[in-house]
Amino acid sequence: MANLQFAVTMQRLIPFLGYHHVLMILIAIAIILLSLLLAGCSSTSPLIPGIFLISMYYQKYTPDYDTAQVDPGVTSAIGNIVGRAQLGVRVGYFGICINPDGGSFLCSNNATALAEQVSVDQDPLNLIWVASTFKDAIIFPYLLIVAIILAFITFILLATFPGWHEERDMQTGSDVDVKPFPSRPVSQVALALIFIASIFVLVSVLWQHTASIAAATVCQDLGNGSVKSGVGTSAMVLGWFSFVLLIIVTIGLLVMILSIIVLDRLTDE
């Protein structure tokens, strides 16, 4: 009895919070995370340069030798060309950030403008150009943009779902809390949109993950002994976590629709 009274009290304290509101919160979080992912390396704002797909930077290290290398001595020639360069490059969906001398980052969506701010000694192997090629020829951000739009439309549709309200029971004369079922066509449209958004995010994140790992591996092998590269952990986490949130919303909407169908059939009987 005490538990029932507590549940009723909490329901009256937060009458606006319903099942669809939880789904809306998850969608909002996913939209924010995807927006941060797309904004990576687009400006020097705090944390933005830390969201990148791939990084490349000059660093001396012991080169790897393999029997498949026709000319292992080329690493010495590359090392002489690189000299004391320490420039680092990070690539995002819509921008590139460079760190010429270990100081602060310079970010822009124009690789030419960044290249004009460094000398030949700072970027002897044209890593800025390589980063620009990766961004323009390999990265495809538009699926994520469409996914954000679809998720936002789903958010708006969920906002139209009816919430809790009080109605007077004609038999007892007391007020009871009632929540009507949401429109089935609207629910089905929302489910279809969020499902498509989830698929788009999945394809984009898989594409991003595979392309970044491949490009980082090839770049480091070509600059064997002088160039290091890596994949951005933050970008991967943002992408995969957003996908998980959208899948949870998709499953949640599917369960809600199926539950309403079952309840309709039970009441008809």
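# Annotated spans, sheet and largest pocket

For "transmembrane region", the UniProt record, an unreviewed entry, lists residues 21-39, 139-161, 189-207 and 237-263. UniProt positions appear here in the numbering used for this model, with shortened feature names, and annotations may be inferred rather than shown by experiment. The model is predicted: local features need pLDDT of at least 70 and side-chain atom pairs count only at pLDDT 80 or more, while totals for chains, interfaces and linings use all residues. Residues are numbered from 1 along each chain as its sequence is written, and side-chain values use heavy atoms, with hydrogens and water left out.

Two of the annotated spans are described in the table, where helices (H or I, at least four residues) and strands (E, at least two) are DSSP runs numbered from the N terminus.

| Span | Helix | Strand | Distance between end C-alpha atoms |
|---|---|---|---|
| Residues 21-39 | 100% | 0% | 27 Å |
| Residues 139-161 | 78% | 0% | 37 Å |

The model also contains an open sheet of five strands in the order β4-β3-β2-β1-β7, with antiparallel pairing; two strands pair if DSSP finds at least two bridges between them. Its edge strands, each pairing on one side only, are β4 (106-108) and β7 (227-231). From one strand to the next the twist averages 15 degrees.

Within the sheet, β1 and β2 (residues 88-91) run antiparallel and are joined by four bridges. Here Tyr57 stands opposite Gly88 of β2. Four bridges also link β2 with β3 (residues 96-99) in the antiparallel sense, and Gly88 faces Asn99 in β3. A hairpin of four residues connects β2 to β3.

Helix α7 packs on the sheet and touches β1 and β7 (contact means heavy atoms within 4.5 Å). The direction of α7 makes about 170 degrees with that of β7, where axes are lines fitted to C-alpha atoms, for helices over the stretch in contact, and angles run from 0 to 180 degrees between N-to-C directions.

The largest pocket holds about 260 Å³ of space. A pocket is an open set of points on a 1 Å grid over the protein atoms alone, where a 1.4 Å probe fits, with protein on both sides within 12 Å along at least five of seven lines; lining residues have an atom within 4 Å of a point. Grid points are joined across faces, edges and corners, and the volume is the space filled by probe spheres set on them. Of the 15 lining residues, Met56, Val130, Val218, Cys219 and Leu222 are the closest to the centre. The elements giving two or more residues to this lining are β1 (54-58), α5 (127-137) and α7 (184-222). By class, the lining has 13 nonpolar, two polar and no charged residues; Ala, Val, Leu, Ile, Met, Phe, Trp, Tyr, Cys and Pro count as nonpolar, Asp, Glu, Lys and Arg as charged, and the others, Gly among them, as polar.
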